[in-house]
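Hi everyone, thanks for making time. I'd like to walk you through a structure that is new to most of you, so let's get it up on the screen.

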Amino acid sequence: MQLYTRDIGGGTPLVLLHAFPLSSAMWLAQREGLATRFRVLTPDLRGFGGSSLGGDDPSIDVMADDVAALLDAKNIDRAIVGGLSMGGYVTLAFCRRHPDRVLGAILADTKATEDTPAAREGRIRIAERLEAEGNVSVLLEDLLPRLVGPTTMRSRALVYGRVRGLVQSTPPQAAAWAQRAMAARADSVGALAGFRAPTLVLHGAEDVIMTEDDARTMAEALPNAELITIPGAGHLTAVEQPQLFNDAVTEFGAALTRTVR
Ligand code: MLT
């Protein structure tokens, strides 16, 4: 599986994996703001944006292996790998399956626990609706209103409009596949203690999808992690507060380079 990937800038490779149900378009401000310090690679995960879905069974591990194949294709040995929400699930799977390729990890607005049975059932219902209806109405009704926080809703209507546009352009088959993949994902909490790479955990203060406890659980279980809460942002910190997000990543990258030297 060849992921369609925007690849810009120079320096330490930084791979950023997008949230559900968006695409690499969500990282616009990171490509603009971070490319002077990093080589920023933002793939469309399979089925989203410019990447095809392929024929594999739904699996977050498969998505993580796609990212390893991307690094192979780009001749990149090690990178900072980060993801937001679903992209964070893929990052966790990547750290489990390809630890030698992780220079540092960024886990934004995500969690390491698996789904509860109720959450899993909810995802299967959503997948079935997506497949039966052939459109993303269910995502616009159920998920979109919770993606951004009240500060963004109140003061940055254009940001909300942009997110809505990205959700609307998601292929329903890819969204259904990803829901099934997320429902089947393994619990990563037990694996965190074995992650050696420095990790930045980010959490939007107004996030109603991931809780502060989710972020804290990861930061406390990881041997080498820092937790930063981003004010004025809901679930999509990178889109809602791009400057604060980019500053945190820049600082993390600088500290990492100092350590590696
Ligand atoms: C996301 O933003 O990627 C999703 O909310 C993740 C999820 O559904 O668990």
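Before the tour, one term: when I say polar contact, I mean a pair of N or O atoms within 3.5 Å. And please keep in mind that what you see is a predicted model.

Let's begin at the ligand. Which residues are around it? Going along the chain, we meet Ala19, Phe20, Ser85, Met86, Tyr89, Arg123, Met182, Ile209 and His235. Sorted by kind, that shell comes out as 6 nonpolar residues, 2 polar ones and 1 charged.

Now for the contacts themselves. Tyrosine 89 puts a polar side-chain atom 2.6 Å from an oxygen atom of the ligand. Serine 85 also uses its side chain, with a polar atom there lying 2.8 Å from a ligand oxygen. Phenylalanine 20 takes part through its backbone: a polar backbone atom sits 2.7 Å from an oxygen atom of the ligand. How much of the ligand does the protein cover? On its own, the ligand has 270 Å² of accessible area, and the protein covers 93% of that. As for the space the ligand takes up, that is the largest pocket.

Stay with phenylalanine 20 for a moment, and look at the bond that leads on to proline 21. Is that peptide bond cis or trans? The answer is cis, with omega near -5°. Proline 21 itself is in the loop that runs between β2 (12-17) and α1 (28-34). As background, most peptide bonds are trans, and most residues other than glycine have a negative phi.

That second point brings me to two residues with a positive phi. Asparagine 75 is not a glycine, yet its phi is positive, about 60°. You'll find asparagine 75 in the loop between α2 (60-73) and β4 (79-84). The other one is aspartate 109, also not a glycine, with a positive phi near 50°. Aspartate 109 belongs to the loop between β5 (102-108) and α4 (117-133).

So, buried or exposed? Asparagine 75 has a relative accessible area of 74%, and because the cut-off for exposed is over 50%, asparagine 75 counts as exposed. Aspartate 109 has a relative accessible area of 0%, so aspartate 109 is buried.

Next, over to strand β1, residues 5-9, where we find threonine 5. Its relative accessible area is 15%, and buried means under 20%, so threonine 5 is buried. What does the side chain of threonine 5 reach? It gets to the backbone oxygen of leucine 3, at 3.0 Å.

Last stop: two pairs of residues that are separated along the chain. Serine 52 is in the loop between β3 (38-43) and α2. Serine 52 and glutamine 2 are 50 residues apart along the chain, and their C-alpha atoms are separated by 8.2 Å. Serine 52 is partly exposed, with a relative accessible area of 47%.

The other pair starts in helix α7, residues 150-155, with methionine 153. Its partner is glutamate 240, 87 residues away in sequence and 9.8 Å away in space, C-alpha to C-alpha. Methionine 153 has a relative accessible area of 38%, so methionine 153 is partly exposed too.

That's the tour, and I'm happy to go back to any part of it.

Technical notes. Residues numbered from 1 in each chain as written. Predicted model: local features only at pLDDT ≥ 70, side-chain atom pairs only at ≥ 80, totals over all residues. Heavy atoms only, no water. Near = heavy atom within 4 Å. Polar contact = N/O pair within 3.5 Å; in protein donor to acceptor, adjacent residues only side chain to side chain. Areas by Shrake-Rupley, 256 points an atom, 1.4 Å probe, with all protein chains shown as cover. 1 Å grid on protein atoms, 1.4 Å probe; cavity = no way out; pocket = protein on both sides within 12 Å on 5 of 7 lines; lining within 4 Å. Sits in = over half its atoms within 2 Å of the grid points. Nonpolar A, V, L, I, M, F, W, Y, C, P; charged D, E, K, R; others polar. Helix = DSSP H or I, 4+ residues; strand = E, 2+ residues; numbered from the N terminus. Buried < 20%, exposed > 50% of the residue type's maximum accessible area, 1.4 Å probe, protein only.
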